[in-house]
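Here is a short briefing on one structure. The ligand site comes first, then backbone details, then selected residues.

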Amino acid sequence: MQRWEARLNLVQWMLLVGTSVSVLAATSEEVYRQRRLQMVARALEAEGIKDQAVLRAMRKVPRHKFVPGQEKRAYENWPLPIGYGQTISQPYIVGLMTDLLDVDKDDIVLEVGTGSGYQAAVLAEIVKHVYTIEIIKPLGLSARARLRRLGYTNVTVKVGDGYYGWPEHAPFDAIIVTAAASHIPPPLVKQLKPGGKMAIPVGNPFQVQNLMLVEKRPDGKIRTRNILPVAFVPLTGGHDRPEE
Ligand code: SAM
């Protein structure tokens with residue numbers, strides 16, 4: 001065989017492999033998309049979540065890219081471990097909490113508990129900007145890199161203690177806390193705009209907690225409502241340390 005023939009065969013072979021790899025990747029993305037649509041239909045719509053913006057966002061955000069190594073389980077309606085003893089919340093709870101915030105395209109939202117960055121991405125599909133705080137540094141850094149890779153330019157991730165909020169960007173149209181607090185953090189109430197809403201699990205972190213909706217009325221008065229029992233990982237940080 002001539003040397004140029006061998007080279008041609010090698011080039012053809014590489015093209016074939018390259019094409020097969022991209023066809024396979026496109027096929028598995030389509031499989032994930034179908035599973036995602038099914039998840040939204042079964043875990044959200046069938047359970048009463050009607051807000052079209054929330055449903056659209058959750059049909060779009062690729063949850064399998066937020067749970068490395070567990071892609072096959074990404075579209076089940078369960079929380080999944082994301083390392084460091086933390087979890088990505090169950091899709092129904094993500095949908096419900098997003099729905100409760102009642103946000104739209106001009107809103108600025110604060111999230112406490114970035115975790116994988118999934119909830120931030122869902123919000124980012126709906127609102128103008130999401131500020132999100134994660135207390136575990138490696139989780140915050142990897143969520144920041146992931147969100148950047150996926151093109152979410154309207155999310156800012158900070159590593160820190162979210163109990164104290166992010167006063168530089170306050171007031172917020174809505175606040176979502178995705179870890180269980182023993183009480184509603186006063187700094188977060190202060191940073192909520194009049195007319196704004198906060199969704200937060202409150203209760204003992206090692207028992208069932210209550211998902212609460214906190215509304216700051218236009219006159220500044222606070223109204224709280226219990227929505228349903230939930231089980232979240234605890235909100236940690238300086239505020240929980242005993243007085244010295
Ligand atoms: N929203 C996340 C997602 O979409 O993947 C899931 C959040 S996970 C249930 C709760 C997260 O809150 C954990 O990553 C945990 O480290 C974080 N966390 C706990 N206490 C915190 C605090 N005081 N400030 C910021 N993040 C906190």
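Which backbone N or O atom lies 3.0 Å from a nitrogen atom of the ligand? The residue is G113. The model is predicted. In it, the ligand sits in the largest pocket.

**Polar pairs with the ligand**

- G113 places a backbone N or O atom 3.0 Å from a ligand nitrogen atom.
- T236 also uses a backbone N or O atom, which lies 2.6 Å from a nitrogen atom of the ligand.
- T178 uses its side chain: a polar atom there lies 3.2 Å from a nitrogen atom of the ligand.
- These pairs qualify as polar contacts because the N or O atoms lie within 3.5 Å.
- On its own, the ligand has 600 Å² of accessible area, and the protein covers 99% of that.

**The shell around the ligand**

- The shell has 27 residues, of which S116, E134, D161, G162 and T236 come nearest.
- T236 thus appears twice: it is among the nearest residues, and its backbone supplies the atom at 2.6 Å.
- By class, 13 shell residues are polar, eleven are nonpolar and three are charged.
- Four elements each supply at least two shell residues: β2 (86–88), β3 (108–112), α4 (118–124) and β4 (129–134).
- Which of the elements gives the most to the shell? β2 does, with three residues.

**Strand β2 and the loop before it**

- T87 is placed in strand β2.
- T87 counts as partly exposed because its relative accessibility is 38%, a value between the 20% and 50% cut-offs.
- T87 and G115 are 28 residues apart along the chain, and their C-alpha atoms are separated by 7.2 Å.
- Y84 is in the loop between β1 (80–83) and β2.
- Phi of Y84 is positive, near 60 degrees, and the residue is not a glycine.
- Is Y84 buried or exposed? Y84 counts as exposed, because its relative accessibility is 53%.

**Helix α3 and its surroundings**

- α3 (91–101) runs up to the loop that holds D102, and that loop leads to β3.
- The helix is mostly covered, with ten of its eleven residues buried.
- The buried residues of α3 include P91, Y92, I93, V94 and G95.
- L96, M97, T98, L100 and L101 are buried in α3 as well.
- D102 follows α3 and has a positive phi, near 55 degrees.
- D102 is not a glycine, despite that positive phi.
- E47 lies in the loop between α1 (3–44) and α2 (52–60).
- E47 is exposed, because its relative accessible area is 51%.
- How far apart are the C-alpha atoms of E47 and L96? They are separated by 9.5 Å, with the two positions 49 residues apart along the chain counted as their distance in sequence.
- The pair joins an exposed residue, E47, with a buried one, L96.

**A cis peptide bond**

- Which peptide bond is cis? The bond from A170 to P171 is, with omega near 0 degrees.
- P171 lies in the loop between β5 (155–159) and β6 (172–177).

**N154, before strand β5**

- N154 is found in the loop between α5 (137–149) and β5.
- Although it is a loop residue, N154 is buried, because its relative accessible area is 17% and the cut-off is under 20%.
- A polar atom of the N154 side chain lies 3.0 Å from the backbone oxygen of A124.
- A124 falls within the range of α4 (118–124), one of the elements that supply the ligand shell.

**V177, in strand β6**

- V177 lies in strand β6.
- V177 is buried, because its relative accessible area is 0%.
- V177 and L235 are 58 residues apart in sequence, yet their C-alpha atoms are 8.6 Å apart in space.

Technical notes:
Residues numbered from 1 in each chain as written. Predicted model: local features only at pLDDT ≥ 70, side-chain atom pairs only at ≥ 80, totals over all residues. Heavy atoms only, no water. Near = heavy atom within 4 Å. Polar contact = N/O pair within 3.5 Å; in protein donor to acceptor, adjacent residues only side chain to side chain. Areas by Shrake-Rupley, 256 points an atom, 1.4 Å probe, with all protein chains shown as cover. 1 Å grid on protein atoms, 1.4 Å probe; cavity = no way out; pocket = protein on both sides within 12 Å on 5 of 7 lines; lining within 4 Å. Sits in = over half its atoms within 2 Å of the grid points. Nonpolar A, V, L, I, M, F, W, Y, C, P; charged D, E, K, R; others polar. Buried < 20%, exposed > 50% of the residue type's maximum accessible area, 1.4 Å probe, protein only.
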